[in-house]
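Colleague: I'm new to reading structures, and I'd like a close look at one part of this one. Could you walk me through the salt bridges and what sits around them?

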Amino acid sequence: MKRRVPRMNEQESAAWLGLTTVFSLLPAALDRQLQRDSGLTHFEFVVLSRLQLSDGPTMRMTALAEATVSTLPRLSHVCGRLEKRGLITRAPCPEDRRATNVGLTSDGRRELIRSVPGHIATARRLVIDALTPEQLDALAEITGTIAARLAEEPPDGTPSAGRGAGSRPVAP
């Protein structure tokens, strides 16, 4: 049975279209800057950053996929490119030979460190400096609420019980 979903009003539509426009334009702008300055895609930058921030010298590929919100096939493909460039290493996990561990090389660490200032400058130019302190607080609250809602979403994408068209978001 098909569930009826109420149409969006003008305010809701404007907010939704604004958000989806930012989702489309921001990743492309971040990719352009990183490609130009360091030859990395934004996703490669995220992978290197997650490895840099990990608790140990390596991460299991499955944990890295979860941390980067990626599928294993996509991550494996990207890791293959990064490995060819000498930025990461991949090796069988000693505790579970079916699993693969990924580690950041010293070249990878240097490349990441070299790419951070341009990335931060771009984030500032496109987002941070365009907003007032109050807007930044609101953005942090809004994105936190949306992120919490997304974290609740079941893997199959079906609506969770108790969340109908009129349900209110849960604060993080």
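**Salt bridges and their surroundings**

Modeller: Sure! In this protein of 172 residues, 26% count as buried. Keep in mind that the model is predicted, not an experimental one. To get your bearings, the protein has six helices and three strands. Starting at the N terminus, the order of these elements is α-α-β-α-α-β-β-α-α.

Now for your salt bridges. Searching the whole structure turns up nine salt bridges. Let's zoom in on one of them, where the side chains of Arg-81 and Glu-44 come together with N and O 2.8 Å apart. That pair ties together distant parts of the chain: Arg-81 belongs to helix H4 (residues 72–84), Glu-44 to helix H2 (residues 42–53), and 37 residues separate them. Are the two partners buried or exposed? Glu-44 has a relative accessible area of 3%, so this residue counts as buried. Arg-81 has a relative accessible area of 33%, which means this one is partly exposed.

Next up is the bridge between Arg-90 and Glu-83, with the closest N and O atoms 3.1 Å apart. Arg-90 has 27% relative accessibility, so Arg-90 is called partly exposed. Glu-83 gets the label partly exposed too, because its relative accessibility is 30%. Here's a nice detail about how bridges can connect: Glu-44, Arg-81 and Arg-85 are joined into one network by salt bridges that share partners.

One more bridge is worth a look. Arg-98 pairs with Asp-96, and the closest N and O atoms are 3.1 Å apart. How accessible is Arg-98? The relative accessible area of Arg-98 is 76%, and the cut-off for exposed is over 50%, so Arg-98 is exposed.

Charges can also sit by rings, so let's check that as well. Arg-74 lies over the face of Phe-43, and the distance to the ring centre is 3.8 Å. What about rings pairing with each other? Two things describe such a pair: the distance of the centres and the angle of the planes. In this model the count of aromatic pairs is zero.

Then there are the cysteines. A disulfide would be a covalent bond joining the sulfur atoms of two cysteines. The search of the whole structure finds zero disulfides. Cys-79 has 0% relative accessibility, so Cys-79 counts as buried. Cys-93 is buried as well, with a relative accessible area of 1%.

Let's move away from charges and look at a nonpolar spot. Which residues build it? Met-8, Trp-16 and Leu-17 make a nonpolar surface patch of about 330 Å². Trp-16 is found in helix H1 (residues 10–38). With a relative accessible area of 43%, Trp-16 is partly exposed.

Last stop: a backbone oddity. Val-69 has a positive phi of about 50°, even though Val-69 is not a glycine. Where is Val-69? You'll find Val-69 in the loop between helix H3 (61–67) and H4. Its relative accessible area is 76%, so Val-69 is exposed.

If you want one thing to try on screen, start with Arg-81 and Glu-44, whose side chains form a salt bridge. Then find Arg-85, which shares a salt-bridge network with Glu-44 and Arg-81.

Definitions and conventions. Residues numbered from 1 in each chain as written. Predicted model: local features only at pLDDT ≥ 70, side-chain atom pairs only at ≥ 80, totals over all residues. Heavy atoms only, no water. Salt bridge = Lys/Arg side-chain N within 4 Å of Asp/Glu carboxyl O. Helix = DSSP H or I, 4+ residues; strand = E, 2+ residues; numbered from the N terminus. Buried < 20%, exposed > 50% of the residue type's maximum accessible area, 1.4 Å probe, protein only. Patch = residues over 30% accessible without salt bridge, like charges linked within 9 Å, V, L, I, M, F, W, Y side chains within 5 Å. Areas by Shrake-Rupley, 256 points an atom, 1.4 Å probe, with all protein chains shown as cover. Phe/Tyr/Trp six-rings, centres within 6.5 Å; stacked < 30°, edge-to-face > 60°. Lys NZ or Arg CZ within 6 Å of the ring centre and 35° of its normal. Disulfide = S-S within 2.5 Å.
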